[in-house]
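Let's take a friendly look at how two protein chains can meet. Have the sequence and the 3D view ready as you read.

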Amino acid sequence: MDYKGQKLAEQIFQGIILVSAVIGFIYGLSIQQFGWTVYIMLGGFTVSCLLTLPPWPMYRKNPLSWQPAVPETSGENRDKPQESQKKKKHK
Amino acid sequence: MNTVLSRANSLFAFSLSVMAALTFGCFITTAFKDRSVPVDIHVSKVMIKNVDDFTGPRERSDLGFVTFDISANLQPIFDWNVKELFLYLTAEYSTKSNALNQVVLWDKIVLRGDSTKLNLKDVKSKYFFFDDGNGLRANKNITLTLSWNVVPNAGILPLVMGSGHKSLAFPETYETAKSY
């Protein structure tokens with residue numbers, strides 16, 4: 001999943017759990033059985049699991065744009081360790 | 001949130017926190033409720049004996065026998081935060097040696113879902129009504145009250161006294177060699 005997808009998934013499951021909590025609380029209060037509040041919460045939990053745990057395609061709509069790969073040559077290999085040594089001396 | 005396990009962890013923890021908040025809400029909606037109902041107690045037979053009490057310090061103590069009827073409607077007490085009620089019948093009196101005595105004579109557990117109309121007739125006491133000494137004979141004022149302990153789903157366990165009590169007097173003489 002990409003970052004925007006993760007944010008979307010978090011918003012989706014938080015929204016579903018909160019909505020099922022409010023519905024469960026009101027329903028349990030009206031029939032005076034706390035057991036039903038718990039059942040509705042568990043139902044909301046299951047729906048959230050199904051919607052957010054597997055990485056559905058809707059969470060992959062904004063992939064990160066990586067830089068194109070730079071082909072490596074032997075000259076650049078020698079330069080890089082020297083540059084890193086110079087930086088350590090300055091410190 | 002980039003792996004399935006991380007999302008599952010986050011989702012589960014959030015659900016538990018919301019569940020805890022809902023339980024607190026359940027407690028708050030019933031915390032200040034008055035849980036007392038009127039109770040009707042009637043006594044049909046009273047007898048007293050003087051027997052050896054092996055648990056006490058003296059030779060013989062008074063042992064009372066009370067047969068009673070109880071009727072009460074407990075339906076208004078049960079709400080979504082009550083798991084069960086623990087009822088108990090107390091006898092309260094004072095004697096020359098002790099200013100206040102309280103003895104539990106009988107108890108019953110009423111679960112949520114059981115019949116809530118209590119209509120018991122000719123019930124014998126479940127527990128021995130021993131006095132600490134010989135203060136029951138000719139005791140004019142013994143008060144019987146039904147109380148209950150409310151066991152909730154979430155919150156405090158209040159001890160509530162039913163509104164209604166019965167006073168009775170014990171006879172002057174002991175019963176001799178009669179089986180109960």
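A polar contact is a pair of N or O atoms within 3.5 Å; within protein, one of the two must be able to donate a hydrogen and the other to accept it, and residues adjacent in sequence count only if both atoms are side-chain atoms. Keep in mind that this is a predicted model. With that idea in hand, how many residue pairs are in polar contact between chain B and chain A? There are 3 such pairs, counting those with both residues at pLDDT 80 or more. Salt bridges between chain B and chain A number 0.

On the side of chain B that touches chain A, you will find 11 nonpolar, 7 polar and 3 charged residues. Altogether, chain A brings 25 residues to the contact and chain B brings 21. About 2000 Å² is buried between the two chains, and carbon and sulfur atoms give 80% of that area. Three residues, B:Arg7, B:Leu11 and B:Trp80, supply 34% of the area that chain B buries against chain A, more than any other three residues.

Now for the spans named in the record. UniProt, in an unreviewed entry, gives "transmembrane region" for residues 12–30 and 36–56 of chain A. For chain B, an unreviewed UniProt entry lists residues 12–32 under that feature name. Here is how these spans look in the model:

| Span | Distance between end C-alpha atoms | Helix | Strand |
|---|---|---|---|
| Chain A, residues 12–30 | 27 Å | 100% | 0% |
| Chain A, residues 36–56 | 31 Å | 81% | 0% |
| Chain B, residues 12–32 | 32 Å | 90% | 0% |

Key
Residues are numbered from 1 along each chain as its sequence is written. Chains are lettered from A and ligands numbered from 1 in the order in which they are written. This is a predicted model: local features need pLDDT of at least 70, side-chain atom pairs count only at pLDDT 80 or more; totals for chains, interfaces and linings use all residues. Side-chain values use heavy atoms; hydrogens and water are left out. Contact means heavy atoms within 4.5 Å. Buried area is the accessible area (1.4 Å probe) that two parts lose on being put together, summed over both. A salt bridge is a side-chain nitrogen of Lys or Arg within 4 Å of a carboxyl oxygen of Asp or Glu. Ala, Val, Leu, Ile, Met, Phe, Trp, Tyr, Cys and Pro count as nonpolar, Asp, Glu, Lys and Arg as charged, and the others, Gly among them, as polar. UniProt positions are given in the numbering used here, feature names are shortened, and annotations may be inferred rather than shown by experiment. Helices (H or I, at least four residues) and strands (E, at least two) are DSSP runs, numbered from the N terminus.
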